[in-house]
Amino acid sequence: DSAIPSLQSYSDAGVTGVNGGNLTSVNSAFAAIAAADSNSLAEVQSAVDSYLAILAAADNVNDGDLNLSAAQYQAMALPAINTAAKATLMNDVLEQATTAEVDTHTKLAALARVVNAIQFTVAGGTANPALTAGDFAHIGLTGVTADNLNAVLANLASQANNGSDTDSLDKLQALITIANTAHLAALGTLSTYADSNTGNAP
């Protein structure tokens, strides 16, 4: 097994920004990044800078202070974030998370999976594994339940394929609200008709 990089390892390599507070997080990223993508100072420093930006931005506040590109996410071994819309949504998710929710590469990858699955659904695909209500909650969205999940997914699939309608948590939350309102109204219509059997057929 390779030795775990220490602060001295980064210092000797000429990398800046790594300290005792972020060393474990940075190391978790390099445990996932391919050797071919981390064999120059420029590549290592770029990955470190990206992770430090994430850690700094993750303050549970929607203030637009994270602007990593798809290429930067891919350089961090997060290949699912491969479009501008996915990167924009990922930035929004990360900056509205807490530091504890983004302090390992495994946690970043879990968030990236949900972001990718949402935008894949928007583009007309079927996510595998399938999106769950818990996935939406995991990235900070509310109101998705097992009961209205299919309605939410259908609404997402009707949006612009390029992800421009679904590239922020605010946009997604609004679409969830619309889908849930329609879902409840439809259930109400069906329930009323079933109860009376005298109303207009659905």
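Helices here are DSSP runs (H or I) of at least four residues, numbered from the N terminus. By that count, Ala 47 is found in helix 3. The structure described below is a predicted model.

**The nonpolar core**

The largest nonpolar core has 53 residues. Among these, Ile 54, Tyr 73, Leu 94, Val 102, Ile 118 and Phe 136 touch the most other members. Two or more residues of the core come from each of helix 2 (23–30), helix 3 (41–57), helix 4 (70–75), helix 5 (84–95), helix 6 (105–122), helix 7 (133–138), helix 8 and helix 9 (169–196). Helix 6 gives the most to this core, with eight residues.

Ile 54 shows what such contacts look like in detail. Once neighbours within four places in sequence are left aside, Ile 54 is in contact with Leu 66, Leu 68, Tyr 73, Met 76, Leu 94, Val 102 and Leu 108. Three of the names in that list, Tyr 73, Leu 94 and Val 102, also appear among the core residues that touch the most other members.

Ala 47, in helix 3, is buried, with a relative accessible area of 7%. Leaving out residues within four places in sequence, its contacts are Phe 30, Ile 33 and Met 76. Met 76 is thus a contact of Ala 47 and also of Ile 54. From the C-alpha of Ala 47 to that of Val 26 is 8.5 Å in space, while the two residues are 21 apart in sequence.

**The aromatic pair**

How many aromatic pairs does a search of the whole structure find? It finds one. The pair is formed by Tyr 10 and Phe 30 and is tilted, with 6.2 Å from centre to centre and 50 degrees between the planes. Tyr 10 lies in helix 1 (residues 7–13) and Phe 30 in helix 2, so the pair ties together parts that are 20 residues apart in sequence. Tyr 10 is buried, at 6% relative accessible area, and Phe 30 is buried as well, at 17%. Phe 30 also appears among the contacts of Ala 47.

**Helix 8**

Helix 8 spans residues 149–157, and within it Leu 149, Val 152, Asn 155 and Leu 156 are buried. Seen down the helix axis, these buried residues fall within an arc of 125 degrees, so they line one face of helix 8. An α-helix has 3.6 residues a turn, so residues three or four places apart point the same way.

Asn 155 has a relative accessible area of 15% and is therefore buried, the limit being under 20%. Beyond four places in sequence, Asn 155 touches Leu 175, Ile 178 and Ala 179.

**The largest pocket**

The largest pocket has a volume of about 220 Å³. It is lined by 14 residues, and the closest to its centre are Val 93, Gln 96, His 138, Ile 139 and Gly 140. Helix 6 and helix 9 each supply at least two residues of the lining. Helix 9 gives the most, with three residues.

**Loops and backbone**

Most residues other than glycine have a negative phi, and most peptide bonds are trans. Some places in this model depart from that pattern.

Asn 60 has a positive phi, near 60 degrees, and is not a glycine. Asn 60 sits in the loop between helix 3 and helix 4. Ala 77, which is not a glycine either, has a positive phi of about 65 degrees and belongs to the loop between helix 4 and helix 5.

Where is the cis peptide bond? It joins Asn 128 and Pro 129, with omega about 5 degrees. Pro 129 is in the loop between helix 6 and helix 7.

Gly 64 shares the loop between helix 3 and helix 4. Its C-alpha atom is 7.1 Å from that of Asp 92, although the two residues are 28 apart along the chain.

The table gives the exposure of these three loop residues.

| Residue | Relative accessible area | Class |
|---|---|---|
| Asn 60 | 52% | exposed |
| Gly 64 | 47% | partly exposed |
| Ala 77 | 23% | partly exposed |

Asn 60 counts as exposed because the class begins over 50%.

Key: Residues numbered from 1 in each chain as written. Predicted model: local features only at pLDDT ≥ 70, side-chain atom pairs only at ≥ 80, totals over all residues. Heavy atoms only, no water. Buried < 20%, exposed > 50% of the residue type's maximum accessible area, 1.4 Å probe, protein only. Arc of directions from axis to C-beta. Core = buried A, V, L, I, M, F, W, Y, C linked by side-chain atoms within 4.5 Å. Contact = heavy atoms within 4.5 Å. Phe/Tyr/Trp six-rings, centres within 6.5 Å; stacked < 30°, edge-to-face > 60°. 1 Å grid on protein atoms, 1.4 Å probe; cavity = no way out; pocket = protein on both sides within 12 Å on 5 of 7 lines; lining within 4 Å. Points joined across faces, edges and corners; volume = space filled by probe spheres on them.
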